[in-house]
Amino acid sequence: MKNSILVIFMACATIFNANAQKFAYMNSRSVLATLPDVGKADTLMAIYQKQLTSEGDSLGKAFDNEYKVFLGAKKAGTLSAIAENKRIEQLKKQQAVLQNYSQEAQQKMTTLRKQLLQPILSRLDKVINDYAKAQKYDMIFDTGSGESLYLDKASDVSEDIKKIMLAAK
């Protein structure tokens, strides 16, 4: 009886070990931070953002100047009620243009970021998939979001992925 229980236990243990899944994790943010292509993308984005900001600043200064002129004329009493209303409408339109520009600039930055990073992220995804298949991992988790309860450092494959990405250049 004891031998048969032992045999069943050993058989179950063997089956569970044969079906054991292999897991690993990596930090995609740390991997991406080391890639020269990401640095180049960040530089291009900073240049583009500076251009957009400069244009936005010009629009903002023009609005501020028009508003100051309006306030000066109103304070001096040189505007009729009709002229005052017309200037207010012009200032509202100018303010709307400024707000639209700000939204468009944010959209342009988002679009540029996607365009610049998509090839890098696609390459990273391929490297991770190829690595997982070669190392026979069932899953590789990403800790880039910073949320994890416990991770054994021995399961971190970030350095391996970094080396492959940098070598694949």
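**Helix pairing and cores in the predicted chain**

Setting aside residues up to four places away in sequence, serine 28 touches Leu124, Asp142 and Gly144. This residue of the predicted model has its place in helix α2. With a relative accessible area of 13%, serine 28 falls under the 20% mark and so counts as buried. One of its partners, Leu124, turns up again among the residues with the most contacts inside the largest nonpolar core, and that core is picked up again below.

As for the overall layout, the protein chain has five helices and two strands. Going along the sequence, these elements run in the order α-β-α-α-α-β-α. The chain counts 169 residues, and 23% of them are buried. Its exposed surface comes to about 12,600 Å², with carbon and sulfur atoms supplying 57% of that area. Take the contacts between residues at least 6 apart in sequence: 86% of these join residues at least 24 apart.

Next come helices α3 and α4. Helix α3 covers residues 36–76 and helix α4 covers residues 81–134; their axes come within 10 Å and cross at roughly 175°. Angles over 145 degrees count as roughly antiparallel, so α3 is roughly antiparallel to α4. Sorted by class, the residues in the contact of α3 with α4 are 22 nonpolar, six polar and 10 charged.

Two C-alpha pairs give further distances. Glutamate 55 sits in helix α3, and its C-alpha lies 9.7 Å from that of alanine 105, although 50 residues separate the two in sequence. Glutamine 90, for its part, belongs to helix α4. From the C-alpha of glutamine 90 to that of tyrosine 67 the separation is 9.9 Å, and along the chain these residues are 23 apart. Glutamate 55 has a relative accessible area of 43%, which means that it is partly exposed. Glutamine 90 is partly exposed too, at 41% relative accessibility.

What about the nonpolar cores? The largest one has 18 residues, and those with the most contacts inside it are Met26, Leu124, Val157, Ile161 and Met165. Two or more residues each come from β1 (23–26), α2 (28–33), α3, α4 and α5 (158–167). Helix α4 gives the largest share of this core, seven residues. A second, separate core is made of six residues, including Met45, Tyr101, Met109 and Leu112.

Methionine 26 is worth a look of its own, as one of the residues with the most contacts inside the largest core. Not counting neighbours within four places in sequence, methionine 26 is in contact with Val31, Leu124, Ile128, Ile140, Phe141, Asp142, Thr143, Gly144, Asp156, Val157, Ser158 and Ile161. Three of these names, Leu124, Asp142 and Gly144, are also touched by serine 28.

The loops have a few things to add. Leucine 35 is found in the loop between α2 and α3. Is leucine 35 buried or exposed? Its relative accessible area is 3%, under the 20% cut-off, so leucine 35 is buried. Beyond its neighbours within four places in sequence, the contacts of leucine 35 are Ile120, Met165 and Leu166. One of them, Met165, also appears in the list of residues with the most contacts inside the largest core. Leucine 35 and leucine 166 are 131 residues apart along the chain, yet 6.6 Å separates their C-alpha atoms.

Leucine 151 is in the loop between β2 and α5. Here the relative accessible area is 30%, so leucine 151 counts as partly exposed. Leucine 151 touches Tyr25 and Thr143, again leaving out residues up to four places away in sequence. With tyrosine 25 the sequence separation is 126 residues, while the C-alpha to C-alpha distance is 8.0 Å.

Then there is lysine 136, placed in the loop between α4 and β2 (139–142). Lysine 136 is not a glycine, but its phi is positive all the same, at about 60°. At 66%, its relative accessible area is over 50%, so lysine 136 is exposed.

Definitions and conventions
Residues are numbered from 1 along each chain as its sequence is written. This is a predicted model: local features need pLDDT of at least 70, side-chain atom pairs count only at pLDDT 80 or more; totals for chains, interfaces and linings use all residues. Side-chain values use heavy atoms; hydrogens and water are left out. Helices (H or I, at least four residues) and strands (E, at least two) are DSSP runs, numbered from the N terminus. Buried means under 20% relative accessible area, exposed over 50%, partly exposed in between (1.4 Å probe, protein chains only). Contact means heavy atoms within 4.5 Å. Accessible areas come from the Shrake-Rupley method with a 1.4 Å probe; for residues, only the protein chains shown count as cover. Axes are lines fitted to C-alpha atoms, for helices over the stretch in contact, and angles run from 0 to 180 degrees between N-to-C directions. Angles under 35 degrees count as roughly parallel, over 145 as roughly antiparallel, 65 to 115 as roughly perpendicular and the rest as oblique. Ala, Val, Leu, Ile, Met, Phe, Trp, Tyr, Cys and Pro count as nonpolar, Asp, Glu, Lys and Arg as charged, and the others, Gly among them, as polar. A nonpolar core is a set of buried Ala, Val, Leu, Ile, Met, Phe, Trp, Tyr and Cys residues joined through side-chain atoms within 4.5 Å.
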